[in-house]
Amino acid sequence: MHRDLSAYNVLWDGERACVIDCPQAIDARTSPHAYDLLRRDVRNLCAWFARRGIQGDASRFSHDLWQRYQRGQL
């Protein structure tokens, strides 16, 4: 997981977001804080996009990303 994901690492095409840079700052397999850090980053991203008129559900996005990560789909 990224640990400090910012809007500068995300491309928005008008309908969906694409993360273009995801360095491995922590090891999500071993860090007990990985999910909390992901939730924080996604919450910050959603706030950044909301200030620009793009709404998103940070809780849903965080949960979906975590589930995809755990299934090896990221």
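A salt bridge is a side-chain nitrogen of Lys or Arg within 4 Å of a carboxyl oxygen of Asp or Glu. In this predicted model, the side chains of Asp64 and Arg68 satisfy that description, with a nitrogen-to-oxygen distance of 3.1 Å. This report begins with the chain as a whole and then turns to its salt bridges and aromatic rings.

## Overall architecture and confidence

The protein chain contains 2 helices and 2 strands. Followed along the sequence, these elements appear in the pattern β-β-α-α. Strand β1 covers residues 10-12, and helix α1 covers residues 34-50. Strand β2 spans residues 17-19, while helix α2 spans residues 58-70.

The mean pLDDT of the protein chain is 85, and 89% of the residues score at least 70. Confidence is highest in helix α2, at a mean of 93, and lowest in strand β2, at 82. As a general caution, predicted coordinates should not be read in detail where pLDDT is low.

Of the 74 residues in the protein chain, 26% are buried. The chain exposes about 5,400 Å², and carbon and sulfur atoms supply 50% of that area. Among contacts between residues at least 6 apart in sequence, 45% join residues at least 24 apart.

## Salt bridges

The count of salt bridges in the structure comes to 5. Three of these are described in the table, each with its nitrogen-to-oxygen distance.

| Side chains | Distance, N to O |
|---|---|
| Asp27 and Arg29 | 2.8 Å |
| Arg39 and Asp36 | 3.0 Å |
| Asp64 and Arg68 | 3.1 Å |

In the bridge between Asp27 and Arg29, the two partners fall into separate accessibility classes. Asp27 is partly exposed, at 29% relative accessibility, whereas Arg29 is exposed, at 69%.

The bridge between Arg39 and Asp36 is held within one element. Both residues belong to helix α1, where they stand 3 residues apart, about one turn of the helix. Arg39 is partly exposed, with a relative accessible area of 35%, and Asp36 is also partly exposed, at 39%.

Asp64 and Arg68 lie in helix α2, 4 residues apart, which amounts to a separation of about one helical turn. Asp64 counts as partly exposed at 31% relative accessibility. Arg68 likewise counts as partly exposed, at 37%.

## Aromatic pairs and their surroundings

The structure holds 5 aromatic pairs. One of them joins Trp12 and Phe49 in a tilted arrangement, with 6.0 Å from centre to centre and 45° between the planes. Because Trp12 lies in strand β1 and Phe49 in helix α1, this pair ties together parts that are 37 residues apart in sequence. Trp12 is partly exposed, with a relative accessible area of 38%, whereas Phe49 is buried, at 13%. The cut-off behind this contrast is that a buried residue has under 20% relative accessible area.

Phe49 also pairs with Trp48. That second pair is edge-to-face, with centres 5.0 Å apart and planes at 80° to each other. Trp48 counts as partly exposed, at 23% relative accessibility.

These residues belong to a wider group: Tyr8, Trp12, Trp48 and Phe49 form one aromatic cluster.

Trp48 also meets a charged side chain. The charged end of Arg52 sits over the ring of Trp48, 3.6 Å from the ring's centre.

A further spatial relation involves Trp48 and Ser6, which are 42 residues apart in sequence and 8.8 Å apart in space, C-alpha to C-alpha. Ser6 is found in the segment before β1, and Ser6 is partly exposed, at 26% relative accessibility.

## Summary

Trp48 recurs in several of the relations described: Trp48 forms an edge-to-face pair with Phe49, belongs to the aromatic cluster with Tyr8, Trp12 and Phe49, and lies under the charged end of Arg52. Phe49, a buried residue, pairs with Trp12 across the sequence, linking helix α1 to strand β1. Among the salt bridges, the bridge of Arg39 with Asp36 lies in helix α1, and the bridge of Asp64 with Arg68 lies in helix α2.

Conventions:
Residues are numbered from 1 along each chain as its sequence is written. Side-chain values use heavy atoms; hydrogens and water are left out. Rings of Phe, Tyr and Trp (its six-membered ring) pair if their centres lie within 6.5 Å; planes under 30 degrees apart count as stacked, over 60 as edge-to-face and the rest as tilted. Buried means under 20% relative accessible area, exposed over 50%, partly exposed in between (1.4 Å probe, protein chains only). A charge sits over a ring if NZ of Lys or CZ of Arg is within 6 Å of the ring centre and within 35 degrees of the ring normal. pLDDT is the predictor's confidence in each residue, from 0 to 100. Contact means heavy atoms within 4.5 Å. Accessible areas come from the Shrake-Rupley method with a 1.4 Å probe; for residues, only the protein chains shown count as cover.
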